[in-house]
Amino acid sequence: MLDLELAIGEVSERSGLAVSAIRYYEDKGLITSTRTPGGQRRSRRDVLPRLSFIQAAQRVGLTLDEIGDALEALPADVG
C-alpha cells in the first residue's frame with residue numbers, strides 16, 4: 001500500500017529543497033506537517049506540489065506573504 005505520509009528527509013529528497021527550507025516554510029505557515037509519537041515530522045504527499053508552487057512563485061519574484069495569500073485560497077490538501 002502506498003504510504004500517504006513522508007518523513008522530512010523524503011520530502012527534501014523529492015522536492016530538491018534543504019530540510020532547513022522545508023522547516024522554514026512550515027514555520028511561515030506555507031505548509032503543514034504532523035508529528036509522530038517520537039517527534040518526527042510527517043508530511044502528506046500533497047505537500048510536494050505546494051513546495052513546487054512556492055519555488056516557482058519565488059522564481060517570478062513573489063514574496064512569501066504573497067505566496068501564503070495564494071496558498072490560503074486553496075484547500076489544504078491541494079497543491
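Angles from 65 to 115 degrees between helix axes count as roughly perpendicular. Keep that cut-off in mind for the first close-up, and note that everything here comes from a predicted model.

**View 1. Helix 1 (residues 8–15) crosses helix 2 (residues 19–27).** The two axes come within 9 Å and cross at roughly 105°. That angle sits inside the 65 to 115 window, so helix 1 and helix 2 are roughly perpendicular to each other. On the helix 1 side, look for Ile8, Val11, Ser12 and Ser15; on the helix 2 side, their partners are Val19, Ile22 and Arg23. Sorted by class, this contact has four nonpolar, two polar and one charged residues.

**View 2. Helix 1 meets helix 3 in a right-handed crossing.** Here the axes come within 10 Å, crossing at roughly 50°, and helix 1 and helix 3 are therefore oblique to each other. Helix 1 brings Val11, Arg14 and Ser15 to the contact, while helix 3 brings Val47, Leu48, Leu51 and Gln55. The class split is four nonpolar, two polar and one charged.

**View 3. Helix 3 (residues 47–59) packs against helix 4 (residues 64–72).** The angle this time is about 140°, with the axes 10 Å apart. Angles over 145 count as roughly antiparallel, so this pair stays in the oblique class. Helix 3 passes helix 4 in a right-handed crossing. Arg50, Phe53, Ile54, Ala57 and Gln58 of helix 3 touch Leu64, Ile67, Ala70 and Leu71 of helix 4. Counting by class gives seven nonpolar, one polar and one charged residues for this contact.

**View 4. The largest nonpolar core holds 15 residues.** Which of them touch the most other members? They are Val11, Ile22, Tyr25, Ile31, Leu51 and Ile54. Helix 1, helix 2, helix 3 and helix 4 are the elements that give two or more residues to this core. Helix 3 gives the most, with five residues. As background, nonpolar side chains in soluble globular proteins tend to be buried together.

**View 5. A close-up on Leu51 and its contacts.** Leaving out residues up to four places away in sequence, Leu51 touches Val11, Ser15, Leu17, Ile22, Tyr25 and Ile31. Leu51 also turns up in View 2, among the helix 3 residues that contact helix 1.

**View 6. Ala57 sits in helix 3.** Is Ala57 buried or exposed? Buried means under 20% relative accessible area, and Ala57 has 5% relative accessibility, so Ala57 counts as buried. Beyond four places in sequence, Ala57 touches Leu62 and Ile67. Ala57 and Gly29 are 28 residues apart along the chain, and their C-alpha atoms are separated by 16 Å.

**View 7. Leu64 has its place in helix 4.** Which residues does Leu64 touch, not counting those up to four places away in sequence? The list runs Tyr24, Tyr25, Lys28, Leu30 and Gln58. One of these, Gln58, appears in View 3 on the helix 3 side of the contact with helix 4. For a longer span, go to Gly9: Leu64 and Gly9 are 55 residues apart along the chain, with 23 Å between their C-alpha atoms.

Key
Residues are numbered from 1 along each chain as its sequence is written. This is a predicted model: local features need pLDDT of at least 70, side-chain atom pairs count only at pLDDT 80 or more; totals for chains, interfaces and linings use all residues. Side-chain values use heavy atoms; hydrogens and water are left out. Axes are lines fitted to C-alpha atoms, for helices over the stretch in contact, and angles run from 0 to 180 degrees between N-to-C directions. Helices (H or I, at least four residues) and strands (E, at least two) are DSSP runs, numbered from the N terminus. Angles under 35 degrees count as roughly parallel, over 145 as roughly antiparallel, 65 to 115 as roughly perpendicular and the rest as oblique. A crossing is left-handed if the near helix is turned anticlockwise from the far one by less than a right angle, and right-handed if clockwise. Contact means heavy atoms within 4.5 Å. Ala, Val, Leu, Ile, Met, Phe, Trp, Tyr, Cys and Pro count as nonpolar, Asp, Glu, Lys and Arg as charged, and the others, Gly among them, as polar. A nonpolar core is a set of buried Ala, Val, Leu, Ile, Met, Phe, Trp, Tyr and Cys residues joined through side-chain atoms within 4.5 Å. Buried means under 20% relative accessible area, exposed over 50%, partly exposed in between (1.4 Å probe, protein chains only).
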